[in-house]
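Please look through the sequence and the model shown here before reading on. The paragraphs that follow start from one contact and then widen the view to the chain and its sheet.

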Amino acid sequence: VRIAGRTQLLEVVAREPERLLNSRSGRIHFFPCVPPDATVAFHNFQARGGFLVSAKMRRGRPENLRITSRRNVPCRFKSPWPGGQPVVRSEPAGSRIALERDPFAADSYAFSARAGKSYRIEHSR
């Protein structure tokens with residue numbers, strides 16, 4: 001699907017919110033079908049496994065990625081920054097969380113999430 005402008009992007013996302021977040025595979029995918037230069041955001045989308053996810057993309061750059069876990073389970077996600085390992089930090093303390101590379105999918109990672117805890121995913125620089 002080719003999306004020409006902002007109004008058309010909003011219409012498509014309103015009909016198909018999975019363009020912003022998809023987790024059918026059990027792995028969270030941020031902005032899987034969003035144009036590379038788009039500016040969009042979402043708040044508290046439910047992801048498979050018991051996660052609430054919020055994120056923003058500004059001019060094609062993912063930012064403010066947050067995951068809140070509702071269960072004590074591994075959180076699996078595909079990095080929105082291909083080729084670079086992301087960093088996961090607990091909120092609000094900001095302590096770094098151990099991250100494992102997912103051997104079954106490229107640019108994918110996992111960490112142990114705890115019920116009621118929130119995590120920020122950042123691009124490692």
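**From one contact to the sheet**

The side chains of E18 and R24 make a polar contact with each other at 3.0 Å, where a polar contact is a pair of N or O atoms within 3.5 Å, and within protein one of them must be able to donate a hydrogen and the other to accept it, while residues adjacent in sequence count only if both atoms are side-chain atoms. This is a predicted model, in which local features need pLDDT of at least 70 and side-chain atom pairs count only at pLDDT 80 or more, whereas totals for chains, interfaces and linings use all residues. Residues are numbered from 1 along each chain as its sequence is written, and side-chain values use heavy atoms, with hydrogens and water left out.

E18 is found in the loop between α1 (6-15) and β1 (21-22); helices (H or I, at least four residues) and strands (E, at least two) are DSSP runs, numbered from the N terminus. With a relative accessibility of 37%, E18 counts as partly exposed, a class that lies between buried (under 20% relative accessible area) and exposed (over 50%), with a 1.4 Å probe and protein chains only. When its neighbours within four places in sequence are left aside, E18 is in contact with R24 and P32, contact meaning heavy atoms within 4.5 Å. E18 and C33 are 15 residues apart in sequence, and their C-alpha atoms are 8.0 Å apart in space. C33 is itself partly exposed, at 41% relative accessibility, whereas C75 is buried, with a relative accessible area of 0%. If a disulfide is taken as a pair of cysteine sulfur atoms within 2.5 Å, the count comes to 0 disulfides.

For the chain as a whole, the model has 1 helix and 10 strands, and along the sequence the helix is followed by the strands in the pattern α-β-β-β-β-β-β-β-β-β-β. Of the 125 residues in the protein chain, 41% are buried. Among contacts with a separation of 6 or more, 48% are accounted for by residues 24 or more positions apart.

How are the strands of the open sheet ordered? The open sheet has 5 strands in the order β3-β4-β5-β10-β7, with antiparallel pairing, and two strands pair if DSSP finds at least two bridges between them. Because β3 (40-47) and β7 stand at the edges with a single partner strand each, one side of each is left without a neighbour in the sheet. Direction ignored, neighbouring strands of this sheet are turned by 20° against each other on average, with axes being lines fitted to C-alpha atoms.

At one edge, β3 is joined by 6 bridges to strand β4 (residues 51-58), and the two run antiparallel; here A41 has K56 in β4 as its bridge partner. Further along the order, strand β5 (residues 61-69) pairs with strand β10 (residues 118-123) in the antiparallel sense over 4 bridges, while strand β7 (residues 86-91) pairs with β10, also antiparallel, over 6 bridges. I121 in β10 stands opposite L65, and I121 also stands opposite V88.

Strand β10 also holds Y119, which is buried, with a relative accessible area of 4%. A polar atom of the Y119 side chain lies 3.0 Å from the backbone nitrogen of R114. Y119 and G94 are 25 residues apart in sequence, yet 8.5 Å apart in space from C-alpha to C-alpha.

Terms used:
Axes are lines fitted to C-alpha atoms, for helices over the stretch in contact, and angles run from 0 to 180 degrees between N-to-C directions.
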